[in-house]
Structure formats: C-alpha cells, structure tokens
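Here's a quick briefing to read with the model open beside you. Have a look at the fold first, then work through the notes by topic.

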Amino acid sequence: MDIMNIRKREFPITESKVFLNHAAVSPIPARSAEAIKRFVEDKVKAQLTRDSDNLEYWWNKIINAKKLFSMLIGAKENEIAFIPNTTFGLNLIAQMIPYKADSNVVTNTLEYISNVIVWLKLREKGIEVRIVKDIDGKISIDSLEKNIDNATAVVAIGQVCWYNGFRHDLKAISEIAHERGSLLAVDGIQAVGNMKINVEKDEIDFLSAGSYKWLLGPSGAGFLYIREELIDELNPPILSEESIDPEAYRKCLYEEFALFDLKYSAGIGKYQVTHVNDLAYVGVEESMRLILDFGIENIEERIKLLDDYLIDRLLECGCKLQTPLGENEHHAIVNFKVKDIDRLLDFLSKNGIIVSKRVGGIRVSPHFYNTEEEIDRFIDALKMAYA
Ligand SMILES: Cc1ncc(COP(=O)(O)O)c(C=O)c1O
C-alpha cells in the first residue's frame, strides 16, 4: 500500500495540517468515519434489535474488533473483553487481583497518571505501593528487580512511556515478576497500533488499551486482555449482565426472578461491559483493518525511520532530548526541551503543526502515514520560531 494514496484516501487532515500528535488523540481514517456513518444511518431506520436486517452485519463487525485487537497483541480472541477505556481496564485489574495483608505492588515514575492512581488507591486497603524512580527518563531492569520481591502481587508497566517514548523490555520484566510469583499488568495504549506486541511471547498477564491514539479509533472503544488461565481463576470487581450465569440471566429476563445467588458466567464475558459503545467499535474495527493491511511490522519500521530522522534533525538544531536514545530504548514518541514552550506551541499551531506540551518538553508522535517532508516542515517552523 502506497503511503501517498493512504494519506489522500484516509487522512484528509494531511492536506491542511502536519499532525504529529498520535500519542494524544488521533484523527480517525475516512473509512472508519464512513462505516460509522453507515451504521448510524441503519440505526435511524431500525433500532438494531432482533428484527433489523443488518443486525448480524454490524454485530459481526463489532465482534471482529476483538479478533483484530487480539491479532495485534498476539492473544486469543477469547482473552479480550470490551471496556470503555484504558483507565477502566487498569481499575479492573487493580481490583480483581487477590492481595494478602503483606502484598505490595510495583509501578514507576514513567507511568501516566492512570497507571499510578489505580494502584495508589490500594493503599486504602493497606497494600504497599512501590514507585520506582526513573533516572534520566529510563527505568532500569535492575531498579525494578530490587523492588520486586516474593510479596509483589503485580508489576504495572506501560509498554511505551507516554511522554518520552521509553520502551520497557517486557520479556525481561515478566521473567523477574513471574520468578517471584507476581503478575505483569501492561498499560498498552501508547504501544498497540504502533509496534508489534506479543503477550504470549512476553508472558504478559493483563493488558489494557483504549483505541483513540495509535489504533486510530474513536473514544469509548477499549480492550482488556486477560491471560486465559487467569480468566476463570479471578473474578470481576464490578459486574454487568454478562458477568452472570446465562441461565439465571435468561430465566430472570423471560420467566421469573432467579437471582438468589451470584453465579458467574464462564469465560472473558464476565469482565465485560454490556451495551458497549457500538459506534466506536465499528469505527476502530475499520481502523485496525487498515493497520493490519499495511502490516504492524511495517508500521513499526516506518515509525522508527521517522523517529530516527526527527531525532537527527533535532540534535542538529542543538535540542536537548528527554527521550533516551539507546538502541531499542525508545519508540514512537520523541520529547525535547525548549524554552518558552507555550509561545512555541502557539507558533506551531498557527502554522498548522500539531504536537503537545508534556512534562517540560514538546512531545512529537508521528504515525506510519506521516512523512519525512512533514518532519522537515516541523523543524523549519521550529527554527523560524526561535529566529
Ligand atoms: C499511557 C497512558 N495510559 C492511559 C491513558 C488514559 O487512557 P484512557 O483515556 O483510555 O483511559 C493515557 C492517556 O493519555 C496514556 O497516555
């Protein structure tokens, strides 16, 4: 697939803006918007209840979103639950793990707010929360290893750091965690859609991700992966109709009250929110098809090329990077320090260039459909702003 065709067909934003802000909220491809529009039109005609002609078509599309997500992270389809967003999934994970009185959990200072607060809340139950400090924007395996012990219930890590792009070695972390009897929970929103992930190979126990960043989907369509063996072993902290035994549900709905005991349904459905944001899943299903058609390995490779090009150009300009530059130490997100950030952001925005201010620097996050020419335009604007 040719990048120029993809830009023209799917990303009309490229005609008017240089959008380098996929770590924030991304534009959705035209094909995803078209699918949502068709779905809305059908909803206007029918309620998409049992009698609607197209129910099966749309429902299959929504269910297919799980399949496509599972392909992107190397999971099985029956290990994926629909959830509204990343933070919701992280909350579920934090609350479903069985803790002992002396349990601790380990997170770190490179995590986004969501992947800290859900763990800090556990302090209300007397659980120790260890926050490993980064050094120069990096978390070393050594520093994690020193904090993970036999009482560590879970290690919480974002695959790619939300503000500087630091890329954790999940395989190395899961080995340490599992050796000490703890679980590995991954915040995947800054990685799924921009790099190949393999939950099986990296032995990840949980992964939560929304889809409005690198998956190029709308808000409200999130995914929670739970490793197969844990699905039955654990129970959800909050329930939906899908969480309960389908026979009790059926009886209650059609015959008589039948809920004198709580019996869970089998499988991933028990963790799932019912009556999901169907429009959003229809949209992200299309977006993920685009991603998979282009190939996630190709996307990872292209983003690396764009990042390397951007880093070289920033270094040429004498910018101080907050992104660690070692081999395999970063991915997708580049952050550099500047003085007068707000003035720069304003200048860039007036020139149609979209990036973000994060943690004392400018965060630039190109996706596969961006080009080196767009990076050049960004660098030229940067030079002009300080001329
Ligand atoms: C790493 C990370 N985790 C979680 C979130 C919040 O995601 P959601 O809105 O899907 O809960 C963000 C948002 O920026 C993020 O960057």
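What follows covers the domains, the interface between them and the ligand site.

Keep in mind that this is a predicted model. The domain assignment splits the chain into domain 1 (45-291) and domain 2 (296-385). There's also a ligand, and the protein covers 88% of the 400 Å² of accessible area that the ligand has on its own.

**How the two domains sit together**

- Measure from C-alpha centre to C-alpha centre and you get 29 Å between domain 1 and domain 2.
- On the contact count, 21 residues of domain 1 touch 23 residues of domain 2.
- Put together, the two domains bury about 2,000 Å² between them, and carbon and sulfur atoms make up 63% of that.
- If you want names on the domain 1 side, go to Tyr163, Arg167 and Trp214: these lose the most area to domain 2, together 32% of what that side buries.

**Polar and charged links across the interface**

- The count of residue pairs in polar contact between domain 1 and domain 2 comes to 10.
- As for the make-up of the domain 1 side that touches domain 2, it has 11 nonpolar, six polar and four charged residues.
- Three salt bridges turn up across the interface of domain 1 and domain 2.
- Lysine 138 and glutamate 329 pair up through their side chains in a salt bridge, with 3.2 Å from N to O.

**Around the ligand**

- Which residues surround the ligand? They are Asn85, Thr86, Thr87, Tyr112, Ser114, Trp162, Asp187, Ile189, Gln190, Tyr212 and Lys213.
- Sorted by class, that shell around the ligand has four nonpolar, five polar and two charged residues.
- Threonine 86 has a side-chain N or O atom 2.6 Å from an oxygen atom of the ligand.
- For tyrosine 212, a polar side-chain atom lies 2.5 Å from a ligand oxygen atom.
- Lysine 213 likewise places a polar side-chain atom 2.7 Å from an oxygen atom of the ligand.

Definitions and conventions: Residues numbered from 1 in each chain as written. Predicted model: local features only at pLDDT ≥ 70, side-chain atom pairs only at ≥ 80, totals over all residues. Heavy atoms only, no water. Domains from an automatic or database assignment. Contact = heavy atoms within 4.5 Å. Buried area = accessible area lost by both parts, 1.4 Å probe. Salt bridge = Lys/Arg side-chain N within 4 Å of Asp/Glu carboxyl O. Polar contact = N/O pair within 3.5 Å; in protein donor to acceptor, adjacent residues only side chain to side chain. Nonpolar A, V, L, I, M, F, W, Y, C, P; charged D, E, K, R; others polar. Near = heavy atom within 4 Å. Areas by Shrake-Rupley, 256 points an atom, 1.4 Å probe, with all protein chains shown as cover.
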